[in-house]
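Thanks for making time this morning. I would like to walk you through one model, beginning with the ligand site and then turning to a single glycine.

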Amino acid sequence: MSEIERYLDSKLGEDVDRRGFLKLSASAAGLAALAACGGGTVTPGPSGPTGAEFKLGIVLPYSNVYAELGSSITNGIQLYLNKVGNQAGNRKITVFKEDEKVSTDDAVAATKKLVEQTSVDMIAGYVLSPNAVANRDYLTSNKVPTIIANAGANVISRAKKSDFIYRTSFSNWQPTHPMGSYVQDKLGLKNVLLVYANYPAGAETAQSFRETYTGKFAAADVAPPLGYTGDWAVWVSKITAANPDGIYVFLSGTDSVGFLNKANELGALKNIKVTGSGFFVEQDVLGSVGDRAPVGAVSGLHWALTLDTKENKDFVAAYRKAYNKPPDVFAMDGYDTGRVIVDALNAVKGDTKDPTKFLAAIGAVSFKSPRGDFKFDAATHNVINPVYIRELVKDPQLGYTNKVVATVAGVADPGK
Ligand code: PHB
C-alpha cells in the first residue's frame, strides 16, 4: 500500500480505490456524519420548526488530496447544526453535499447542480483557492449567499470581493504574514528555502512570507505539483542540496503526509529549522504521520487543538465524542461556519427572501469562537483572525500536537 493509501485508509475507512484516491460519495459522507452524531434528523413535532425547509448546499472535496479537509469541515458544520437540533429561525436545516473534487470544472458543476437542480438557499464550502475564484462570478450573478469555509485566495477579499460571499476561514496572506518576521527576528534564520504546492494557495503563501522576511533564500523555491503522487524523494533531495538553515512550508492533506514521511525517512529535516503555514502540521496530518512528525516545527495558524479556553475545550470535547478523534483547524472552521449560518438565520427570523438582508445578518455575526474572537471585516467580508505561532510537541496526554508560543491578535487581510 502506498503512503497515500495508508493515510486515507487510516482516516476514512475502507472505501479507497487502488489508484490511491478516496471514493466517498456525498451520501456516504452524510451517512457517516449522521452515524457519528447518533442521528441528526429533526422530526418536526409540536415544538419543531414550522417554516419552510432551509436547504444548505455544501461543496467540499470528498476525494483526492484534500479529501480529509472536506470530511473535517463537513463534520464541523454538522456538529454545530446537531447542537441546535438542525433548525434556526423556525426553519429545519437540510444539508445537500456535492464533491468539489480538484478541478475548477468539477467544482463549478457541483455548485450549479446545487443551485439549479436542488434549489439550495445558500452554499457553504470550497477548499481550493482556484475553485472559490472559479465559482465567484456565478454565485454573485445568481445572488447565492455563500460562505467560503477554507479556500484562501486573497483576491476574494480584494479585487473580487463579492456582496454575496463571506469567508469564515482565512485569506492565504493571513496565517503567514506574521511568520516572515518571526522566522527572521525570533528564530534568527538567515537562509530560508520555500517549499509549497505549486498552485495559487502555495504561491500566495510564499508571497506573504516574502513581505515580512527580508533575509536570503538558499535556492529557487521547491514547488511540487498539487496532489503529488510520485516519489517525494525528488523534492526532498532539493532541500538537502540547497543546504538552508530553515524551510517555510505550505503543503496540506496528503501532500504534507507524503512530504513529511519521506523527509523523515531521508533525515532531511534533522539539522534545519522547520517552519510554515500551520496546515502542514495540523491534526489531520499528525494523526497520519505519527512518529515521523517534525517535532519542534514552528507554524502560524488561526487555531490550535491546545488553546486553553472554555469555547475551545467544549468544542474539542464535543467533536471527540461525536467522531472519536481530535478535531483539526478545518473542523473548527466548519463548526464556526455552522454557527454563522444559524445565528444569521435566527437574526432574520428565518426570512431569507431578500438575500441582501440575510447577507447583512451574516456579516454582523460575532461571537467567542474556539479560535478566539470571531468577527467579519466589513471592508473585505473576510474573518479577522488571531494568528497563533505554534510549536510542534509530543504531549504526554494529547500525543503530537501544537502548543501556542505567541499570539498575534486581530490579523485582518489588507484588502480595502
Ligand atoms: C487553498 O487552496 O486555498 C487551501 C487549501 C488547503 C489549505 C489551505 C488553503 O490547507
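Let me begin with the space taken by the ligand, which is the largest cavity in what is, I should say at once, a predicted model. There are 16 residues around the ligand, and those that come nearest are Ser129, Gly152, Tyr199, Ser252 and Phe279. If we sort that shell by class, we find eleven nonpolar residues and five polar ones, with no charged residue in the shell around the ligand.

Now, which protein atoms lie at polar-contact distance from the ligand's oxygen atoms? In the side chain of serine 129, an N or O atom is 2.6 Å from an oxygen atom of the ligand, and for tyrosine 199 a side-chain N or O atom is likewise placed 2.6 Å from a ligand oxygen. Valine 127 takes part through its backbone, where an N or O atom lies 3.4 Å from an oxygen atom of the ligand. As for cover, the ligand on its own has 280 Å² of accessible area, and the protein covers 100% of it.

Let me turn to the glycine I mentioned, glycine 180, which lies in helix 6, the stretch made up of residues 173–186. Is glycine 180 buried or exposed? Its relative accessible area is 0%, and because the cut-off for buried is under 20%, glycine 180 counts as buried. Glycine 180 also has a partner distant in sequence to look at on the screen: phenylalanine 209 is 29 residues away along the chain, yet the two C-alpha atoms are 4.8 Å apart in space.

Conventions:
Residues are numbered from 1 along each chain as its sequence is written. This is a predicted model: local features need pLDDT of at least 70, side-chain atom pairs count only at pLDDT 80 or more; totals for chains, interfaces and linings use all residues. Side-chain values use heavy atoms; hydrogens and water are left out. A residue is near a molecule or strand if one of its heavy atoms lies within 4 Å of it. A polar contact is a pair of N or O atoms within 3.5 Å; within protein, one must be able to donate a hydrogen and the other to accept it, and residues adjacent in sequence count only if both atoms are side-chain atoms. Accessible areas come from the Shrake-Rupley method with a 1.4 Å probe; for residues, only the protein chains shown count as cover. On a 1 Å grid over the protein atoms alone, a cavity is a set of points where a 1.4 Å probe fits but cannot get out, and a pocket is an open set with protein on both sides within 12 Å along at least five of seven lines; lining residues have an atom within 4 Å of a point. A molecule sits in a cavity or pocket if more than half of its atoms lie within 2 Å of its grid points. Ala, Val, Leu, Ile, Met, Phe, Trp, Tyr, Cys and Pro count as nonpolar, Asp, Glu, Lys and Arg as charged, and the others, Gly among them, as polar. Helices (H or I, at least four residues) and strands (E, at least two) are DSSP runs, numbered from the N terminus. Buried means under 20% relative accessible area, exposed over 50%, partly exposed in between (1.4 Å probe, protein chains only).
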